[in-house]
Amino acid sequence: MSDRGTSLADRIKGGLYGVAVGDALGGTTEFMSAKEIRRKYGYLTDIVGGGVWDLEPGEVTDDTMMTLCVAEGILDCPDDPMASIGKRFLAWYRSDPKDIGNIIRRAFARYDGHWFEAAFLADQDLGRSAGNGSLMRCLPVALAYADPDRVDRMSRMQSKMTHYDERCNEACGLYNRIALRLLNGEELHPALAAETQGTPYASALAEAPDCEPTGFVVDTLRWALYCLQHRLRRRRAACRQSRRRQRHDRRDCRRAGGRVLRLRRHPGRVCGHHLDQGPAGRRVRAADGAAAGCRPLKGVHNLWSPSFSFGPKRMLSADEAFVKAGA
Ligand SMILES: [Mg+2]
């Protein structure tokens, strides 16, 4: 997403707010499958709380709290922040948070003055430590340092404090190198391509990963990259399509009242949402449009579902268009 003209300070704030907003939104659906989410929420865009953590609307989880620990630790001691980050980790741990990952909990329990040793022992205890817990909190590193090598090194360092597995450290480095490019004003897609080239993550830009979006750090990052690469494009296209339709709807409703309408700009192509409620209150269903020989707009055939009703001023929002387009 282009943010030309946005100040560096605003981009940094945007990154941190983004962590908190995404966390408050996503905490609601944590541990739910895509199918369960669709069934319960459709396409969730509102911060409603609830979920497995019984969140208040707007309440954040460990992702945001540990991100703040990293940010404050770096601000305290930018040259060597490990001790100050660790001090904040432990203070948060002792506050008895409701949401704390198994690997991180075990590393904290094993900490005895040496963070890397604690991470190693946690890995030995659990038999694995390639979760996404260090990835979720690593962004402040990219916001704090300007040199890419230093960003990479510090990203790995904060990861190794709790996650022994090298794949976690690699993921944090890659993620933050992308973030640094964006912070410096690069466009999203070239930045993704530049940093994933020649890595196991490159294929995630081309096609959907052949794995579930689990808590395994590689799965997490592959899906995150795929969504960045593809969903934003589809979402923007859906927004443009929705705005265009709304303009057409308003124009056509003005011109033709409550009749079944045909788009003048696209003769022969009319979609369910161009069907209006008659002046006498008669509901015209999408099926009526099909009976009238109209075709749905490309990519939104689901809108023909007769169960989707349209009132006289019922316009598709961008989110609805996105969902209905099957995104
Ligand atoms: Mg969380």
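Two residues are taken to be in contact here when their C-beta atoms, placed from the backbone, lie within 7 Å. In this predicted model, that criterion picks out a patch between helices α8 and α9: P148, V151, D152, S155, R156, S159 and K160 on the α8 side meet C168, N169, C172, G173, N176, R177 and L180 on the α9 side. Sorted by class, the patch comes out as 5 nonpolar, 5 polar and 4 charged residues.

As for how this pair is arranged, α8 covers residues 148-160 and α9 covers residues 166-183, and their axes come within 8 Å, crossing at roughly 140°. The two helices are therefore oblique to each other. The crossing of α8 past α9 is right-handed.

Now for another helix pair, α5 and α6. Helix α5 (residues 102-110) and helix α6 (residues 115-126) have axes that come within 8 Å and cross at roughly 120°, so this pair also counts as oblique. The crossing of α5 and α6 is right-handed. On α5, the contact draws on N102, I103, R106, A107 and R110, while α6 brings in A118, A119, L121, A122, D125 and L126. The class breakdown for α5 with α6 is 7 nonpolar, 1 polar and 3 charged.

Zooming out, the chain is built with 14 helices and 0 strands. Its 327 residues include 35% that count as buried. Among contacts with a sequence separation of 6 or more, 58% link residues 24 or more positions apart.

Notes. Residues are numbered from 1 along each chain as its sequence is written. This is a predicted model: local features need pLDDT of at least 70, side-chain atom pairs count only at pLDDT 80 or more; totals for chains, interfaces and linings use all residues. Axes are lines fitted to C-alpha atoms, for helices over the stretch in contact, and angles run from 0 to 180 degrees between N-to-C directions. Helices (H or I, at least four residues) and strands (E, at least two) are DSSP runs, numbered from the N terminus. Angles under 35 degrees count as roughly parallel, over 145 as roughly antiparallel, 65 to 115 as roughly perpendicular and the rest as oblique. A crossing is left-handed if the near helix is turned anticlockwise from the far one by less than a right angle, and right-handed if clockwise. Ala, Val, Leu, Ile, Met, Phe, Trp, Tyr, Cys and Pro count as nonpolar, Asp, Glu, Lys and Arg as charged, and the others, Gly among them, as polar. A residue is buried if 20 or more other C-beta atoms lie within 10 Å of its own, exposed if 12 or fewer, and partly exposed in between; C-beta atoms are placed from the backbone.
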